[in-house]
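Trainee: I should like to go through this model with you and ask, at each step, what justifies the words we use for it.

Mentor: Please do; let us look at it together.

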Amino acid sequence: MPSEITVLFFSFAADRMNTREKTYELPKELSVKEFFQQYLYPSLKEPLESWLFSVNEEWVDPHYALKPGDELAVVPPVSGG
Amino acid sequence: MPSEITVLFFSFAADRMNTREKTYELPKELSVKEFFQQYLYPSLKEPLESWLFSVNEEWVDPHYALKPGDELAVVPPVSGG
Amino acid sequence: MDYYLITEDPINLAEALSMIDDPSTGAQAIFLGTVRNEFEGRPSLGLYYDVYPPMAQSQIRKIGEALKEEFDIRHVVIIHRIGELPVGAASVLVAVSAPHREQAFAAAKAGIDRVKQQVPIWKKEHWADGSSQWHDEPEGTQEPR
Amino acid sequence: MDYYLITEDPINLAEALSMIDDPSTGAQAIFLGTVRNEFEGRPSLGLYYDVYPPMAQSQIRKIGEALKEEFDIRHVVIIHRIGELPVGAASVLVAVSAPHREQAFAAAKAGIDRVKQQVPIWKKEHWADGSSQWHDEPEGTQEPR
């Protein structure tokens with residue numbers, strides 16, 4: 001079942017992806033981890049553990065199964081303050 | 001050798017002495033401790049260790065020998081802030 | 001009252017203080033973070049703060065609510081400014097009021113520690129030599145501004 | 001700059017912050033003490049602060065200078081207001097600026113602790129029932145105001 005998701009990028013991840021927001025067509029259901037490995041690596045070359053992920057503004061773990069219409073945020077290590 | 005000193009009182013000590021400043025004629029040289037015991041006790045009934053003393057705006061210990069013209073401050077436990 | 005804000009506007013300290021004001025509190029502890037003119041010895045002109053706004057906003061609220069559960073404090077204000085900030089500008093404020101100073105200090109300290117660890121905000125240093133660099137980028141590369 | 005003041009006038013926080021401002025500091029820690037509406041559960045209308053002015057002034061300066069020797073901080077402001085203060089009024093301010101927040105917090109905390117222990121200032125509580133009482137008076141008696 002194909003589905004479309006929106007992915008948000010920030011900080012150096014946005015720089016490397018050359019965008020802050022991008023839409024992806026997924027041919028089948030993928031977990032966050034699978035999506036990261038198949039679509040974002042190696043543009044985002046750091047290992048999965050370097051990132052946090054949220055879906056629809058709630059933190060999720062990498063096993064979360066992406067659903068049509070989800071807004072996935074790829075969150076680099078924070079450095080506020 | 002008689003000498004005159006000025007004594008400053010604060011907080012509850014000033015209330016009990018009914019003044020914030022008083023001049024004393026000392027008939028002979030006295031230490032702060034001797035002065036306290038002979039002139040201030042029992043109006044100030046707390047033991048010597050309850051008080052701090054300064055002379056001419058410098059802290060002194062109770063063995064300091066009072067000199068003519070000295071300004072002695074009798075300092076209760078502080079409670080600022 | 002409690003107040004949580006992610007904003008591009010300057011941080012108003014007087015307003016924050018009026019929010020934590022309470023006749024039952026004797027102790028206000030305030031942390032104000034400002035942009036420094038150097039980082040690890042290297043001269044800097046300022047910082048750009050990137051943010052994921054809704055997550056940052058909900059995260060500072062969660063931090064404040066946790067502080068109120070963990071410490072004996074009455075009110076919390078957390079404000080983080082984002083965007084381009086020159087040296088000297090205030091970037092973050094944590095202000096708490098409490099009956100007593102030990103709890104006020106402990107809560108303010110925990111507050112700013114958590115803001116720096118848990119809020120999706122990222123800063124890019126604008127070095128004095130004209131290059132820019134994201135903080136905490138693994139194997140970060142320096143590119144001209 | 002460093003600044004030490006015993007005063008009857010209201011404490012000006014904005015002015016104090018401008019004094020500790022420094023482009024090399026990223027962390028400002030501020031403690032503001034205010035008059036509470038109760039003490040140990042008993043309702044209060046305010047405080048009267050008595051002071052030995054020259055000793056208090058030299059003492060807060062000594063405290064500030066010691067903080068600068070002991071902690072990695074750049075600037076210190078200590079202000080203590082004296083006289084009659086109503087509930088809610090700010091009575092004491094300790095503000096420090098430092099390159100990093102740990103030292104800023106540690107210095108501000110040590111500063112207010114020492115002010116409360118070492119400065120010849122005494123407070124008298126004006127209880128809501130009309131009586132008044134000096135703090136820290138051994139065997140204190142309560143007299144009508």
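Trainee: How many residue pairs are in polar contact across the interface of chain D and chain C?

Mentor: In this predicted model, the rule finds 13 residue pairs in polar contact across the interface of chain D and chain C, both residues of a pair being at pLDDT 80 or more. The count of salt bridges between chain D and chain C is 2. The elements that give two or more residues to the side of chain D that touches chain C are α1 (13–20), β2 (27–34) and α3 of chain D. By class, that side of chain D has 14 nonpolar, 8 polar and 6 charged residues.

Trainee: What makes D:Arg101 and C:Asp113 a salt bridge?

Mentor: The criterion is a side-chain nitrogen of Lys or Arg within 4 Å of a carboxyl oxygen of Asp or Glu. The closest N and O atoms of D:Arg101 and C:Asp113 are 2.8 Å apart, so the pair meets the criterion. D:Arg101 lies in helix α3 (residues 101–118) of chain D and C:Asp113 in helix α3 of chain C, so this salt bridge joins two chains.

Trainee: Why is D:Arg101 called buried?

Mentor: The relative accessible area of D:Arg101 is 18%, and buried means under 20%; D:Arg101 is therefore buried. C:Asp113, with 17%, is buried by the same cut-off.

Trainee: What is the salt-bridge partner of C:Lys109, and why is C:Lys109 called partly exposed?

Mentor: C:Lys109 forms a salt bridge with C:Asp113, their closest N and O atoms being 3.0 Å apart. Both residues lie in helix α3 (residues 101–118) of chain C, 4 residues apart, about one turn of the helix. C:Lys109 has a relative accessible area of 22%; partly exposed covers the range between under 20% and over 50%, so the term applies.

Trainee: Why are C:Arg74 and C:Asp72 called partly exposed?

Mentor: C:Arg74 is at 31% relative accessibility and C:Asp72 at 41%. Neither value is under 20% or over 50%, so both residues count as partly exposed. C:Arg74 and C:Asp72 form a salt bridge, with the closest N and O atoms 3.5 Å apart.

Trainee: How do you know that β2 of chain C and β2 of chain D are paired strands?

Mentor: Two strands pair if at least two bridges are found between them. Strand β2 (residues 27–34) of chain C and β2(D) have 7 bridges, in the antiparallel sense, and therefore satisfy that condition. In this pairing, C:Phe31 stands opposite D:Ala29.

Trainee: How much area is buried between chain D and chain C?

Mentor: The area is about 2500 Å², of which carbon and sulfur atoms give 58%. D:Arg36, D:Arg101 and D:Phe105 supply 26% of the area that chain D buries against chain C, more than any other three residues. The contact takes 28 residues from each of the two chains. Among the 3 pairs of chains that touch, the most contacts are between chains C and D.

Trainee: How do you know that chain A and chain D do not touch?

Mentor: Contact requires heavy atoms within 4.5 Å, and chain A and chain D do not touch; their nearest C-alpha atoms are 9 Å apart. Chain A and chain B do not touch either, their nearest C-alpha atoms being 30 Å apart.

Trainee: What makes A:Arg16 and C:Glu137 a salt bridge?

Mentor: Their closest N and O atoms are 3.1 Å apart, and the limit is 4 Å, so the term applies. The rule finds 2 salt bridges across the interface of chain A and chain C. The contact takes 22 residues from chain A and 25 residues from chain C, and the buried area is about 2100 Å².

Trainee: Why is strand β5 of chain B described as mostly covered?

Mentor: Of the 5 residues in strand β5 (residues 71–75) of chain B, 4 are buried. Strand β1 (residues 3–9) of chain B runs parallel to β5(B), joined by 4 bridges, and B:Thr6 has B:Glu71 as its bridge partner. Strand β3 (residues 52–55) of chain B pairs with β5(B) in the antiparallel sense, also over 4 bridges, with B:Phe53 opposite B:Val74.

Key: Residues numbered from 1 in each chain as written. Chains lettered and ligands numbered in written order. Predicted model: local features only at pLDDT ≥ 70, side-chain atom pairs only at ≥ 80, totals over all residues. Heavy atoms only, no water. Buried < 20%, exposed > 50% of the residue type's maximum accessible area, 1.4 Å probe, protein only. Buried area = accessible area lost by both parts, 1.4 Å probe. Polar contact = N/O pair within 3.5 Å; in protein donor to acceptor, adjacent residues only side chain to side chain. Nonpolar A, V, L, I, M, F, W, Y, C, P; charged D, E, K, R; others polar.
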